Structure formats: C-alpha cells, structure tokens
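Load the model in your viewer and keep a selection panel open. The stops below say what to select and what is there.

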Amino acid sequence: MSAPKPASPFLRPNSQLDLPRLEQEILQFWRDGDIEGKSLRTTTRADGSGRPAFVFYDGPPFATGLPHYGHLLAGTIKDIVPRFWFMRGRSVERRFGWDCHGLPIESLVENELGLHGKADIERFGVPQFNAACRAGVLRFTGEWEKVVGRMGRWVDFRDDYKTMDFTFMESVWWCFGQLWDKGLIYEGYRVQPVSPALGTPLSNFEVAQGPQERDPVTRKEGHKRRQDPSLTVRFRLEDEDANLWAWTTTPWTLPSNLALAVHPDIDYVKVRVVDTGEVAYLEPGRLADYQQRGRVGATEELARLKGKDLVGRPYAPLLPFFADLRERPDGTRWCFKVLGATYVSTDSGTGIVHQAPAFGEDDYQVGQANGLPVVCPVNLSGIFDDRVGEFSGTFVKDADKPIVDRLKREHKVVDQDTIVHPYPHCYRTEQPLIYMALSTWFMRVETLRDELVANNKKIQWVPEHVGSGRFGNWLENARDWNLSRNRYWGTPLPVWRNDRDPADMVCIHSVAELERLAGLAAGSLADLHRENVDGITWPAPGGGTYRRIAEVFDCWFESGSMPYSQNHYPFDADKKAYVEDNLPADFIAEGLDQTRGWFYTLHVLSTALFGRPAFKNVIVNGLILAADGKKMSKRLKNYPDPAKVIDSFGADALRAYLINSAVVRGEPMKFGKDVNDLTGECVKETVRLAILPLWSAYYFLTTYALADGWTPTADDLGPQALEHPLDRWITSRVGGFLTNLTREYEAYELSNLVPHFLEICDDLNNWYIRRGRRRYWRANNPADVDKQRAYATLYRALVTIARAMAPVMPFFTEHLYQRLVVDPGLAVPGEESVHFTRFPEADVWARDEALEREVAAQRQVVGLGLGLRERERINVRRPLARLTIVHERPEELARFADPAVQEELKGELNVEEIAASADDSALVELSAKANFKTLGKRLGGKMKAVAAAVQALDQAALRRFLAEGRVEVEGEALGVDDVLLTRTPRPGLVVAHEAGVTVVLDTTQTPALRRKGLARELTKRVQDLRRDHELDMNERIVVTFRCGGELAAALADAAHAAEIRSETRADALQVVAPGTELAGDHVLEDTIDEEQVAITLTKA
RNA sequence: GGGCGUGUAGCUCAGUUGGUUAGAGCGUUGCCCUGAUAAGGCAGAGGUCGAUGGUUCGAGUCCAUCCACGCCCA
C-alpha cells in the first residue's frame, strides 16, 4: 500500500451516521440551489421539449390547527407520487392550499374575543368579527411551512391558494351560478341541531364530536346522558268528552304543538280512569307500563280501535298561541287534529306523539306530508319570540318549568316525572342541543346520482374497496346537499332577494355582474366577505329592493371547487384553457375521513359542472392511532411529539416508517412498535431496517475506493460487459428491483415500496458484498479488470437504488447522489440533484433469471450447511472434510460443478471438498402426498381414498415412482405432477433437506482437520485480544501461547503457524509449556476442546 | 340502527383464483462469521388463523350468524 494512490473524489464518510444533521445539510443545499423551486416550476426537459403535466390537487387543511401525524402521512404520500412523476419527465404543479373559512376559526375567534353566540357577534359587529377571523386564520401557517419543509415535502407555499382570496371566492360564486342556471339550487327547510349557546346550527359531524358517554346498562357508547322532564299531557278532543294522552321530554315545544300522531296500524284503547272518571285514549301496552310504574291508577277499557280510526279527529289547542291555525283560510280543518305516522313506536310514551313540525325531523316530515305550516317561535339562540305570551324572551330550557306549571294549573298534566337519557350536546359548550327547522339552500344531488355513480367507476381507488364500497354506497344514497350556513366568516351566497317578493331573486355570477347591477364603479369591490357585500342593494324593476340573503357557504363547497377556484376560473384568461385541459386531476390523496368531505364535494361539483370525475387516481390513507390503539390525544400524551421524532431519527425514517404500512391503503395504523413505545422507537427501528443497510453499502464502497484511489467514470453509470457471476447477478437483481418498484409506483401501491427496497439491500449487503469482499482487497493494480468491474458494478447499483428510492427518502438519497455522482463530477448538466434525474429504466439492466435461480440455490445450500453445523454444534471455525449435495435432477447438480461456485461454498461452509450425488436413497426417507391441486378437480369424492393410498405407499414403491414417473393407486394412474414427494433425513445422519435439495456433511474428524480447526480457534482468540488492546489494523504484534497437547501440535505445524501470523499480523509466535508464568497485562485464559490455553501479546 | 373495514405468533403485520407443512419484522432463547456494518448474520421456541355453523374431496381464504374493535353515516 505504499505506492502513490490517485486522489479519490469521494469524501470520507463519518463512521457514525447522523441522519438529522445530514438532512439539515441537504435542506441547506436545496435552499442554496433553489432545488425545490426548480422542481415545482420546471415545465421543460433539458432538451427544451415540454414536460406533459401530471395534475395534482392538494386538499386544503384547516389553517387553525397544527400539523399532526395524519398530515405528515398525507403529506408524505402527496410528496412521493409527484416526485416519482417528475422523475418520469412530467411537470407537476404542487400548490399548497389553505382552508380559511368555517366554524373552526370562527369558534376560535369567538372564544378569544369572549363572545358567546350569534347575538354577541352581531353586537360586536360582523366587520370587526370577520377582521379578527382574517387576522387569526393564518396564525399557524409559519409552523406548517416549517414542519412540511422539514418532512422534505416539496410543495409551493409561495404560489399557494387560500379559500378567502378574492379571486377564489369569485370562482366559488361562478360555480354556484352555474348550478343555479342549471336549476340545481333550491331553498328549503331542514330540521337541524342547533347549539343555542353558539347561536348556530351544527353539522352532523360536529354533533358527533360532542361529549360521549357509555350507557351504564347497555354498555353502548353514545351521547352524553342528561336528565329531562318526562311529561304526559292531555289533549281534549273537540268531538267527544275524552282526552288524548301524549308524552314529551321537551315541554318547551308544546306551545308550538300543531298535531298529534298515531300509528295507523297498531291498537289503541279508550279507557276510563276509575278514580277520576276521565276518559282517555292511548296504546294499551303503554298504559300497562304507566300502571306498572304506579303513575296511573286502575282503568276500565271502554273500547279498542286501530290508530287509523283516530286519524282526523280534532282536538283543542293545548295552549292558545297558534289557535288561529285551526282552520285554513278556506275554513277547512288545518291543525290540531290526529295524523297517521308509521314512525310512531310503542317503546315509550303513550303511542300518541305530540307534533311540533319545527322541532323534530319526524315531526317536520309528518307535517310536510299533511300540509301543516312550520311554526318556529324560537330563534337560533333558543329564545322564544313574542308570539308565545308570558314565555316570550325566555330561553327554551328555562321555559320548561313555567310551561309545566301553567299546564298543571289548567289540569292538563296527566303525569310528571324525570328521565335520564342520552342526548346530543354541543361539542364546544357541552350544553344540550335543540332541533329546529331552518331555512337552508340545497344543491340537488339526488338527480345527479346516476352520473355520480358512473363517473366514480372511472376513478382508480387505493384501496379499491373505498371506491366501490364506502364512497360508492354513499353516492347511491346521496341526498341533496345543504350548502348554506348561518354564519359570518365564509363566502357569502351570491343571492339577492326582492324584499317585496321573496320569490324574486337574482343570482350573481361574477363581481363585474354585481358591480353593474348595483351601479358600482367597475373594480370598486376588492373583497367579497359579508361586511363588504351585505350592504349592497339595488331597486327591483317592479318595485322593492334586492337585498342579499344572510347565508354563507358550507366551506366544503369551497374546497370542492378548488380545481377551478385556485385558478380563478373562468375569469383568468391565461389559465382558463389550463384548467379545462387538466380535468380530471391525475392524482389526489387524503384520509379516509374525507370520503364524505373533500372527495365527495370535488366529485359532485365536477360532475355537475363538467360532467366528469375530478380525479383519476386517489390514495386513501387510514387513521394513525397512538401506540395504545386509542386516538392520539394531546391530553393523554399517548404519542411522541412529531418534531422530536424528526429531530431524533430524521424525516426519511419517519417517511419510510409511515409508508411501510397498510395505513396507505386506508387501514388504521398504530404508531409505535408496541404499546409502550412513546418515544418513536418504531422510527428508530426503521433507521436500522431501511437506511443503515444502504448507508453501510455506501460506507464499504467509499472506504475501499478511498484506500485504492478508485474513481468512477461516466461509463460506470451505464451498462457494462460483465463477466463475474456476482456482478451479473446483482445487475439482474437491480433490474428486477426496478421493475417491481416502477410497477408499484405506477399502481399507487406505496406500501410495497419499502419491502422491495429492503430485499435489494439484503442482496447487496448479505450476498454481493459479503461474497465479493476479496475482490476489493487485492493489491492496487490498474490492470485488474475484475476489481474495476467490482467497483463499477457496486457503484452503479448504489447510485441506481438511491435514485429509485429518491421519492421515498429524498434526503438520504440526495446525500448519496451528491457524494457518489456530483462530487466526482459525473452529474450531467441540469441534474445537480438526484430529484432531477430520470427515474432509472429497468430494461437497461441485463436480467439473467437462470443465474438468479442459481444463486438462490447456492444460498439455500449454504443455509442448509450452516443449519447442520449448528445442529451438530460444530462451529464454522472447524473445517470439515466434505459437503455432499444431493439432487435427483442432474441439471440442478450441474449448478454446483463450477469450480468458482465450489470455492464460494467451501469458504462459506469451511469444508475441504464439495461433492455431488444424484442418489439420496441412503440419506432420506421418501414420503408422498397426493397433489390436491391437480387431483382435486379430477377425482372429486374419490380424492380422500386416493390421498390415503398415496400416503401409504412404501419406500420401494416410491423409489419406483421416482424412476418411472407414474404409479397406480385405487385404479387411478398418477403422473409426476400428481404426487408430491417429501424427503426426510434418515435419523443418525448429518443430513438436511429443503425443497428437493439434500446436503450431507461429513463430520469425520482427522488429526489434520482437528489441528487446522484448533489453529483457527487460536486465531480468533488472538483477534479478540487485539480488539481488547484496541490495536489498529496495521500494528504488528508478538504472541505468546502457553499450552500443550494438540494445541501445541497445531502451533508446531508450519503452515498453521504461518496462517495465524498472517491473519493476526503477528511477527512471531512463541509457545511456552504449561506452568510457565506469562508476562503482560492482558492474559487470555481459555479452554479449547478441554485443553487449557493462555495467550498474551505485546506490540512488536 | 345502517354502510365500510379490521380481528392470523408476546407485539406490529403479510398471506394471490379455496389446495398440501400458515409466513416476515420486532421481542425472546441459543449459536456465529467478521480486514464495511453487533445499529450485523444464522437458527430454535412461540399459532384452537375472533366464535359457531355451512358449502366443498379440501376453508386462514367462500357463505351465514354472532362477538370485539375502528371509521363514516343516521
């Protein structure tokens, strides 16, 4: 090694890999070279030709929270796929989106301003409130940018889109206008849960987020339980001196009672209460229940009838407030009569149900079916208006008691009790919700169903079942979409209504149209939030004034419109064609929880507006749970801080960990290697599993290249004429790896990427490098072509694997590319980053599947041999005379005839000779089983008998079958493929068998073999001592052994002594007789084959 | 209550159109090579495949019912 070496272009890698630091350096490199920006905005290839677009839509997250693992996972998926397609020569625009509107930010601001409910907000002022929302909504964007960037996700924060942008909102108006023009928008009522404390209706999603509680009896999880009044009241019939008993848990809805409902087909009884003489109607089973509980005394039955016999009977209003609704203007009976309704049950109450159409979904439906009006004397804050006498101005829940008191005074109460039942509560205030009918704006989705379903069939879903199952079912049962909200901070619905004629409405399609109609100067509007448009009015041609309705959009409408709105479609002339050409998107990805959210609204709007799906491919990821299988909870601290995990183990490892899981196929994932993993140990494990193997191979290459001064050339990155079987083998394996990987990327099956990568790393480290080590050890000699090929092949494989994995592990692969390709000056212009290189083509890697099978066979034999050694407790240091490989097929045996192969096996297994044989009859017992796969269909019911007969064949019969290839049992002729032979090593022999291959170890010890083994045992102990002394590889030593017998004999053998000296870099070996005192600090004493030895060494 | 999914080794998960002896990683136990990597290699133990019933010559796989869990919806 004294000859002058050429300068190596490689940097000496640190022996300790510090991934987080390495990633920081790469981040700096990306910043310095605007690498990310170039990736995001490059639309042409190096030769100037255009890159076809790969269209990606980013779903907007709410800007009011901090990123959590779900976002990191989705972000990783949204990064890998675009990176891959960019490497495949496409241009990929990746604009980050922000969902700025909606209840999350409004609630946050309400809390911060100390406001409670809509009344407070309106007192505070909508302009001021919206200003606060605008100011507060982007508070976390800096944090998002930091975390997203640190994760290595390339996405454009400069050219982002916000749903509160003027241009975005104008496009939302355009979308709505198109729907309006197509007749897809209508106004209606829907009974909705309202949080009176917030003064706002809640979505079902928000209701579900409310406090939950387990029912103590049924153990079922449900709404929080609460105690309510349980009131049974009597309604006096107008056509008979009798009463109808009805039950309610919401006395405050009684002033709005407009009808009573019975089930037409169930039985009712007319009874006289013995004590009071009162005559009443109700369902008999319920009556029994009241009596059982002692709430009603003895009764006598006067009549029995069906519910339908009661339908139509009039009764007197319970309270007088809406008594004028008794008749229609034409004098026919309208309200206060009995109606039939099949939803009425006999589970509780009286079987006669009080109906207040404004305050219950069922009540509303029954009311609609019977032409009843909707009477709602309550506002969104739950306060009675002035139509209900002494209760006016009272909060509804506070009115329960006075209402009951009045009914008691009027002798209208049959029974008063309390009930504890699950009841929905507000997710923010924990106050009970109330249900009331609200005017809302709907989009007709039901009429689009067939088209929605047809378009869904054009989408490739990963996993497939979300598309056909969850999403498909949802589309088939799609209901009209309530897209208005009674809130403040959102895109206002662009509808202006004539205050003299509610049916006269104008829908605005653009800002220009509004300015023109309202007589405003063109360009005078710069913002479309409520404070700027609510005051805009203009006179209606036939009298009256157009004023804007109060509602704003459901923010899902906005995010569903992002394909158009983010490009200010159709107002931005420059982008109009771009938007139209790029529908549908190639790819989107979000979590399973978006099935009814963004996926749905994108699909509905795209189908309604353009008649096509919004996206072609979608990856649906599952939920990330804490290690304990519960939801991640800040309060419970049951998961590690993402920032800390990244700082400890690096973003690449986290990315690889997340992606190496069925969570990218919509299944839930527990974040942790076990229940107790609260530090991200699972990610550390991924470093070891997925990153260190590649790093180790890189470290090996550079270590030797530096020592040798080997320098790669551009040719080394292309195909070579290779001779060494190892080189041809790893080349073939890399080709297979690329084929597999490309297939997975193209199919959006990200969970399969890491497993393929691990396999190629194993091939590289545990076979190619391990078996080929000696090729790199040889003395430096430019004429040593084989050594050059060894370097070049390893080099090319490493660079290629790094490039293929660049989308998954963008940092580490960038590091490898910089060190291996850029530092030596081999990067072609325009490819200063690994992410600018073309994704490696599989077909330039020469496949040799026969060779792959051969190597697999070798590895199998080695595995069997090592297994035998272990079973026999003969360690690999002890040479054995012979390994015999037995296989019935000569072509299989031929694999091992090559002397080079035999040398490999001898080295791996430490045997003196490799032999082959075709006859294993002395070694193994044959046993046979019927091949069910081939015979099952043919034989059917006879299968069992044949199988038993095959199993019963004796050794002679089986050997005959082996020779002749056919056998007859139970009258059936069976061929080679019909019988499966198994070989079991005969007991007492050192034989192992696996899948046709049998190996035999000759464990006979001769004195010569024994001494050779002892010499190696001594060598190992000297090496151990060297390590104890922390001696460098080049330091020479003198070793003293104190031993006798066979050990001394082994040392006396000149060949063995020379071997020991060379292996341990010893200048001299001294042997002293047992009993002699040994000098030196480190004396190693040990027993080898029951002989004592002591060893010491000194530096030469 | 409905829809979709999940249930396989101590833990995390593979398991193809039904086919013979159900696999991997971690952990555990044992062993081991080493002039790249002990953050390594090899091997062993560990399974009523959630339960029951059915279809079939044959079921982890298909069907039915039930149980448990998750998500979504009502």
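How do the residues of the surface near RNA strand B divide into nonpolar, polar and charged? They divide into 14 nonpolar, 13 polar and 21 charged. Here Ala, Val, Leu, Ile, Met, Phe, Trp, Tyr, Cys and Pro count as nonpolar, Asp, Glu, Lys and Arg as charged, and the others, Gly among them, as polar.

Some conventions come before the tour. This is a predicted model, in which local features need pLDDT of at least 70 and side-chain atom pairs count only at pLDDT 80 or more, while totals for chains, interfaces and linings use all residues. Residues are numbered from 1 along each chain as its sequence is written, chains are lettered from A and ligands numbered from 1 in the order in which they are written, and side-chain values use heavy atoms, with hydrogens and water left out.

**Stop 1: RNA strand B**

Select RNA strand B and the protein residues near it, where near means that a heavy atom of the residue lies within 4 Å of the strand. The selection holds 48 residues, and the closest are Arg-470, Tyr-704, Arg-877, Phe-932 and Leu-980. On the RNA side, 57% of the strand B atoms within 4 Å of the protein belong to sugar or phosphate, and the rest belong to bases.

Next, show polar contacts (pairs of N or O atoms within 3.5 Å; within protein, one must be able to donate a hydrogen and the other to accept it, and residues adjacent in sequence count only if both atoms are side-chain atoms). Three side chains serve as examples. Lys-670 places a polar side-chain atom 2.8 Å from a phosphate oxygen of RNA strand B. For Asn-473, the partner is a sugar or linking oxygen of the strand, at 2.9 Å. For Ser-696, the partner is a base nitrogen, at 2.9 Å.

Now colour by element: helices (H or I, at least four residues) and strands (E, at least two) are DSSP runs, numbered from the N terminus. Elements that give two or more residues to this surface include α15 (464–476), α24 (681–708), α26 (753–777) and β34 (979–985). The largest share, 7 residues, comes from α24.

**Stop 2: α14 and α15**

Keep α15 and add helix α14 (residues 449–456). Their axes come within 9 Å and cross at roughly 165°; axes are lines fitted to C-alpha atoms, for helices over the stretch in contact, and angles run from 0 to 180 degrees between N-to-C directions. α14 is therefore roughly antiparallel to α15. (Angles under 35 degrees count as roughly parallel, over 145 as roughly antiparallel, 65 to 115 as roughly perpendicular and the rest as oblique.)

To see the contact (heavy atoms within 4.5 Å), select Arg-449, Leu-452, Val-453 and Asn-456 of α14 with Gly-467, Phe-471, Gly-472, Leu-475 and Glu-476 of α15. By class, these are 4 nonpolar, 3 polar and 2 charged residues.

**Stop 3: α26 and α27**

Return to α26 and add helix α27 (residues 785–805). This pair packs at an angle of about 165°, with axes 12 Å apart, which makes α26 roughly antiparallel to α27. Among the contact residues are Leu-753, Phe-757 and Ile-760 of α26, and Ala-790, Leu-794 and Ile-801 of α27. The contact has 14 nonpolar, 1 polar and 4 charged residues.

**Stop 4: α25 and α29**

Which angle do α25 and α29 make? Helix α25 (residues 725–746) and helix α29 (residues 849–872) pack at about 110°, with their axes 9 Å apart, and are therefore roughly perpendicular to each other. Pro-725, Arg-728, Trp-729, Ser-732 and Arg-733 in α25 meet Glu-849, Leu-851, Glu-852, Val-855 and Arg-859 in α29. Those residues divide into 4 nonpolar, 1 polar and 5 charged.

**Stop 5: backbone details**

Most residues other than glycine have a negative phi, and most peptide bonds are trans. Select Tyr-569 and Pro-570: the peptide bond between them is cis, with omega near -10°. Pro-570 sits in the loop between α19 (562–565) and α20 (573–581). Leu-583 and Pro-584 are also joined by a cis peptide bond, with omega about -10°, and Pro-584 lies in the loop between α20 and β25 (585–591). Finish at Asp-34, a residue other than glycine with a positive phi of about 45°, in the loop between α1 (19–32) and α2 (35–41).
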